[in-house]
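Got your viewer open and a cup of coffee to hand? Let's take a short walk through this structure together, one selection at a time.

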Amino acid sequence: MIKQNEPSLTPQQALAQTLDDCQPDTLLVCGTLPVRLGRAWHKQYPDRLYTELLLSAPNNGLPSADTHDLALIEGALEQLSHEEGTLMLGQLRNFGTHRIAVIITSESGWQMSDFLSLGFTRQEHLHGTPARTLYTYNIDSYNRRRDWNNPQYWANPEMWDKARW
């Protein structure tokens, strides 16, 4: 969740930390900073799948033929229309990217509700100018398990042979 104190991480530190925490076998990047981090990661792990999307037209590379463990996005949404940006994030999410990290500036026009509607979580406000926020999507924690949403409560077996409805 979002930290209430002053921003402590820079955008580069936030993405590097996400990359380090995830330890992906496959990586997709879009944006100047993610490309720089991605190329350093690929140099360290040349046998792992690495994909770069063009910052000027990221949707041209989607949907990808491969699923990715992690996607790092920075600077792309500011250059796209809201519809194209939603399409890009939706395609990444819907075509199997396990984790997505997006850094967005406060002047971009994107609202927190835009990310929440796509299943993202606001992680942290980042240090620097302009003000930026890190949003993440993780398929493992996206849709938490609910007690009522399982077969145990659907059939009501306690009432079998007791009542007819």
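Begin by selecting Val29 and Glu52: Glu52, in β2, is the bridge partner of Val29. Bear in mind as you look that this is a predicted model.

Now widen the selection to the two strands around that pair. Strand β1 covers residues 26-30, and four bridges join β1 to β2. The two strands run parallel.

Next, bring up the whole sheet. Six strands make up this open sheet, and reading across you will meet them in the order β2-β1-β3-β4-β6-β5, with mixed pairing. Colour β2 (49-52) and β5 (121-126) to mark the edges, where each strand pairs on one side only. Ignoring direction, neighbouring strands are turned by 15° against each other on average.

Time to add the helices. Select residues 32-44 for helix α2, which packs on the sheet and touches β1, β2 and β3 (70-74). The direction of α2 makes about 160° with that of β2. Then select residues 82-94 for helix α3, which lies across β1, β3, β4 (99-105) and β6 (132-138). Helix α3 runs at about 165° to β4.

For the last stop, look inside. How many cavities of 30 Å³ or more does the structure hold? There is one, and the largest cavity has a volume of about 50 Å³. To see its lining, select Leu28, Leu62, Ser64, Asp66, Thr67, His68, Gln91, Leu92, Phe95, Gly96 and Thr97. Colour these residues by character and you will find four nonpolar, six polar and one charged.

Definitions and conventions. Residues numbered from 1 in each chain as written. Predicted model: local features only at pLDDT ≥ 70, side-chain atom pairs only at ≥ 80, totals over all residues. Heavy atoms only, no water. Pairing = 2+ DSSP bridges. Axes fitted to C-alpha atoms, helices over the stretch in contact; angles between N-to-C directions. Contact = heavy atoms within 4.5 Å. 1 Å grid on protein atoms, 1.4 Å probe; cavity = no way out; pocket = protein on both sides within 12 Å on 5 of 7 lines; lining within 4 Å. Points joined across faces, edges and corners; volume = space filled by probe spheres on them. Nonpolar A, V, L, I, M, F, W, Y, C, P; charged D, E, K, R; others polar.
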